Amino acid sequence: MLELEHGFRVVDVDARLVPDGVEAKRGQPAAPDRLEREMQQAGIVRAVVAPDVGVSDGYLRANNAVARLSVDRPFVAFARIDGPRDPRDRPVAKLRNLTASRREFHTSPGDVEQYAYDDRFHGFVLDPVRDGLPDAETLDRLDDVGLPVVVRAGDGFPPAAVEATLLSRSMPVVLVAFGGHPANRESMAAAISLLDDHDDLFLDTAHTRYRDVLERALREFPDRVLFGSGAPDVHPDVGVMELLTLDVPEDLMRRAFSKNPGRVVPALAR
C-alpha cells in the first residue's frame with residue numbers, strides 16, 4: 001500500500017504482535033518487521049502491542065516475547081491477561097462461575113503486580129470471551145496498580161457487562177471497536193452513552209466502520225476517543241484513512257491520533 005502523508009503525529013493503542021516463526025491464530029500474521037513497516041507506511045510513530053490470541057497455557061511466555069521484541073522498536077508492550085470466569089450472560093456460565101477458580105496458568109494478582117512494576121510493560125489487554133474474565137481478586141489488583149486496560153467488548157461481553165465488572169474501578173478502561181465488535185451499532189451507541197457516567201472510560205477506533213458513530217463520539221466526547229488501527233487484521237493505512245476522511249475539525253483528529261492516547265498511555269507521548 002502507498003505511504004500516507006497526513007501531517008499528524010499518530011500513535012496506535014491497538015495492535016497485535018506475533019513473534020517470528022510463530023503461526024498467527026487468526027487473521028494475518030504480524031511479525032515485528034512487518035508491523036513496523038506497515039506502521040511507517042501509515043505514518044504511525046508508536047503503537048501499543050500485545051500477544052495474539054489462542055494460547056492454552058497462559059500468556060506469560062507470549063507477553064515476555066512481545067516485551068523483548070519491542071526493544072529498539074516503536075512498540076509499547078502491554079501484557080495480555082486471562083481468567084477462569086465465563087463472561088457471558090447465560091445460566092450455564094453463571095452456574096460454572098460459582099465454582100470457577102484460577103488454574104496455575106491464569107493471571108493472578110501477583111502476576112498483575114509483577115507486570116505493573118516491570119518497566120517493559122505499560123498496561124494490559126483483556127479479551128474476556130476468548131480468554132476468560134479474571135476473578136475479583138485479580139481485578140482488584142488491576143485497580144490498585146492503575147495501568148490502562150484495553151478491553152475487547154461486544155458480542156458475549158457487551159458494554160453493560162463491562163460496566164458491571166470493570167467500571168466501578170478506577171483504572172483507565174479502553175474499549176476496542178467502541179465496545180461493539182463485530183460492527184454492532186447498538187453496542188457502540190451504548191458504549192458512547194457510558195462515557196457520561198465514567199470518566200476513566202475511553203473508546204478505541206479499531207474496527208469501527210460507521211462514520212456517524214465516530215463523528216458523534218469525537219464531537220460529544222473529544223477527550224475520550226483514541227486511535228486504534230486493529231493491525232494486523234486491518235492494515236494501519238485503513239484505520240488512519242477512516243479518521244482522516246471524517247467530517248470533523250482537525251483539532252478533533254489530532255486529539256484522537258495523539259493527544260488522547262498520550263494521556264492514557266504516557267509511553268505513547270514520548
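How far apart are the mean positions of the positive and negative charges of the protein chain? They are 2 Å apart, taken over 34 positive and 45 negative charges. Keep in mind on this tour that you are looking at a predicted model.

**Stop 1: the whole chain**

Start by selecting the protein chain and showing it as a cartoon. You will find 11 helices and eight strands. The chain has a radius of gyration of 17 Å, close to the 18 Å that the globule rule gives for 270 residues, so it is as compact as a globular protein of that length. Turn the view along the principal axes, and the C-alpha atoms fill a box of roughly 55 × 40 × 30 Å.

Now switch on the surface. Its accessible area comes to about 12000 Å², and carbon and sulfur atoms hold 47% of that. Of the 270 residues, 57% count as buried. If you display contacts between residues with a separation of 6 or more, 74% of them join residues 24 or more positions apart.

**Stop 2: helix α4**

Next, select residues 109–116, which form helix α4. Show the side chains of Pro109, Val112, Tyr115 and Ala116, the buried residues of this helix. Look down the axis of α4: these buried residues fall within an arc of 125°, so they line one face of the helix.

What do the buried residues of α4 pack against? Add α2 (60–70), β3 (75–81), β4 (121–126) and α6 (136–145) to your selection, and you have the elements they pack against.

**Stop 3: Thr107**

Step back along the chain to Thr107, in the loop between α3 (91–97) and α4. Is Thr107 buried or exposed? Its relative accessible area is 6%, under the 20% cut-off, so Thr107 counts as buried.

To see its surroundings, select Ile81, Asp82, Arg102, Val112 and Thr138; Thr107 touches each of these, leaving aside residues up to four places away in sequence. Val112 may look familiar from the previous stop, as one of the buried residues of α4.

**Stop 4: Gln114**

Finish with Gln114, which brings you back to helix α4. Gln114 has a relative accessibility of 58%, over the 50% cut-off, so this residue counts as exposed. For a last exercise, draw a distance from the C-alpha of Gln114 to the C-alpha of Ala65: the two lie 16 Å apart in space and 49 residues apart in sequence.

Note on methods
Residues numbered from 1 in each chain as written. Predicted model: local features only at pLDDT ≥ 70, side-chain atom pairs only at ≥ 80, totals over all residues. Heavy atoms only, no water. Helix = DSSP H or I, 4+ residues; strand = E, 2+ residues; numbered from the N terminus. Rg over C-alpha atoms; globule rule 2.2 N^0.38 Å. Buried < 20%, exposed > 50% of the residue type's maximum accessible area, 1.4 Å probe, protein only. Contact = heavy atoms within 4.5 Å. Areas by Shrake-Rupley, 256 points an atom, 1.4 Å probe, with all protein chains shown as cover. Lys, Arg positive; Asp, Glu negative; His and termini not counted. Charge placed at Lys NZ, Arg CZ, Asp CG, Glu CD. Arc of directions from axis to C-beta.
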